[in-house]
Amino acid sequence: MVSALKIAIIGSGTAGLASAAYLRQEGHNPEIYERFDEPKPLGAGLLLQPTGLACLARLGLDHKAIEYGATIHNIYGKTLNNNVIFDISYSDLKPHYFGVGIHRGSLFTLLYEEALRLNIPIHTGYEIKGTFCQNDKRYIIDKSGKSYGPYDLVIDAGGMRSSLRRHGHIRLDKPYPYGAIWGVLDDPDQAFGKDYLQQRYDSAHIMVGMLAIGRAPDCPTPKCTFFWSLPPGGYEDWIEHGLDHWKETVTGYWPELAPFMDQFKSTDDLTHAQYSDIIMKRWHEDKLVFIGDAAHNTSPQLGQGANLGLADAFILSQILSQYHDVNQALYAYNKARKNHIYFYQIASRWLTPFFQSHNKLAGFIRDTSFGKLCKMPYIKTEMLRTLSGIKTGLFTHMNPGQWHPRYDLDSPSTDNQPSYLTNNPKKGK
Ligand SMILES: Cc1cc2nc3c(=O)[nH]c(=O)nc-3n(C[C@H](O)[C@H](O)[C@H](O)COP(=O)(O)OP(=O)(O)OC[C@H]3O[C@@H](n4cnc5c(N)ncnc54)[C@H](O)[C@@H]3O)c2cc1C
């Protein structure tokens, strides 16, 4: 056994909290520094993939995530003139595969409570601005200039606006022109979102999404996450023109949303999201490593960011336990994560203009080809592998069974499997 490491983690988001829990499981001494006075989730809901669920299973939290969330079996998207672009089901890849739409508050609560249960110190109100090495140890510096340490390792899980990432670390840092607004809607009768991630499109400049996400930690009413794509400058226009005009536009594209739109009373009910392609040359230097969005922010088109962050956190903890030298472990970590992360960064970058851009040709190509491609067995399988988070290259994929046997691609262990997961419903739309 490698001796227990003293580790500082920047950020109590998905990647930071999960990282702390895995490291504690491995016998290390992590502590978290969070800039907010009270740790809290930001945003609405997200889709956990089999990869993310396998990672959560290593903390014993996958069943709780499934109970809080909504199991998602099908992805369905069509254009205004009923041209079906996506109609795919996880079960067409493997009968036991599914995603879980989950409220960010629920995912946060699960991980935060686990961190508290494991007695991980969480220092709140500390905005970390820098770091330095001295006598073979790493220190962190807060915004008032005070330093903390020494640490055997510092993990930056501070999200896309990481303050420890320096110019020299970066290969690409390019904001996406399009962004989004997203919010949470009550769906008490589950009339809308059960089992589905649904999207509607008009060329590539309009995209609306609804994802069932189950319940919030403090409220039993089933909910959906609503997503509306915004062009460059679109957020300012949206604020200026007011909600009523916008709600009419939304329901013009998707009439069934009309009863839900009344729940948005003010622009504050929706969160504005912008994203960038951040590609780093490598994710580590001397006793410092970047994980989650701090390491690889990208567009949420493929719904993988949080899942990749969970995988980073889990794999880092495993590799640290295999090496006596921290820097050697970081080198091995970089190598172990490379293919998985690069595939999703490149795929998100390639795919996003077909769904969020002014490019009419991209919209046309999508409308005339994606529906047909979805029906070709080889392409469909590759699409489902991509969605499930398991791709590691154009022709390669991994098996989340190596992380937890319940999510094995071919022979899942059924220990403790809730019975409702054995029945994967596929409905017509
Ligand atoms: C619209 C949208 C939809 C998405 N949908 C999905 C989806 O369906 N599935 C999916 O897997 N992913 C999705 N994502 C991506 C996902 O939200 C992110 O990848 C994930 O939340 C990143 O987690 P993180 O822990 O790395 O960073 P964050 O969640 O950003 O957490 C960073 C934490 O660090 C703290 N922090 C930041 N700077 C400092 C500092 N200097 N000092 C101290 N603390 C600091 C922050 O306060 C925060 O608590 C989506 C993203 C968007 C924008």
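Is Tyr-126 buried, exposed or partly exposed? In this predicted model, Tyr-126 comes out as partly exposed, because its relative accessibility of 27% falls between the 20% and 50% cut-offs. Its ring partner is Tyr-33, which counts as buried, since its relative accessibility is just 4% and buried means under 20%. The two rings meet edge-to-face, with 5.5 Å from centre to centre and 80° between the planes. This pair ties together distant parts of the chain: Tyr-33 belongs to strand 2, while Tyr-126 sits in the loop between strand 8 and strand 9, 93 residues apart.

There are plenty of other rings to look at. A search of the whole structure turns up 24 aromatic pairs. Ring pairs also join Phe-226, Trp-228, Tyr-235, Trp-238, Trp-246, Tyr-253 and Phe-264 into a cluster. Charged side chains get involved with rings too: Lys-6 lies over the face of Tyr-151, 4.7 Å from the ring centre, and Arg-35 lies over the face of Phe-36, at 4.6 Å.

Arg-35 turns up again around the ligand, as one of the closest of 32 surrounding residues, along with Glu-34, Leu-47, Arg-104 and Asp-293. Polar side-chain atoms of Glu-34 and Asp-293 reach oxygen atoms of the ligand, at 2.6 Å and 2.7 Å respectively. On the backbone side, a polar atom of Gly-303 is 3.2 Å from a ligand nitrogen. Overall, the protein covers 87% of the 1,000 Å² of accessible area that the ligand has on its own. Helix 1, strand 2, strand 3 and helix 9 each give two or more residues to the shell, with helix 9 providing the largest share, 3 residues. By type, the shell splits into 15 nonpolar, 12 polar and 5 charged residues.

Technical notes: Residues are numbered from 1 along each chain as its sequence is written. This is a predicted model: local features need pLDDT of at least 70, side-chain atom pairs count only at pLDDT 80 or more; totals for chains, interfaces and linings use all residues. Side-chain values use heavy atoms; hydrogens and water are left out. A residue is near a molecule or strand if one of its heavy atoms lies within 4 Å of it. A polar contact is a pair of N or O atoms within 3.5 Å; within protein, one must be able to donate a hydrogen and the other to accept it, and residues adjacent in sequence count only if both atoms are side-chain atoms. Accessible areas come from the Shrake-Rupley method with a 1.4 Å probe; for residues, only the protein chains shown count as cover. Helices (H or I, at least four residues) and strands (E, at least two) are DSSP runs, numbered from the N terminus. Ala, Val, Leu, Ile, Met, Phe, Trp, Tyr, Cys and Pro count as nonpolar, Asp, Glu, Lys and Arg as charged, and the others, Gly among them, as polar. Rings of Phe, Tyr and Trp (its six-membered ring) pair if their centres lie within 6.5 Å; planes under 30 degrees apart count as stacked, over 60 as edge-to-face and the rest as tilted. Buried means under 20% relative accessible area, exposed over 50%, partly exposed in between (1.4 Å probe, protein chains only). A charge sits over a ring if NZ of Lys or CZ of Arg is within 6 Å of the ring centre and within 35 degrees of the ring normal.
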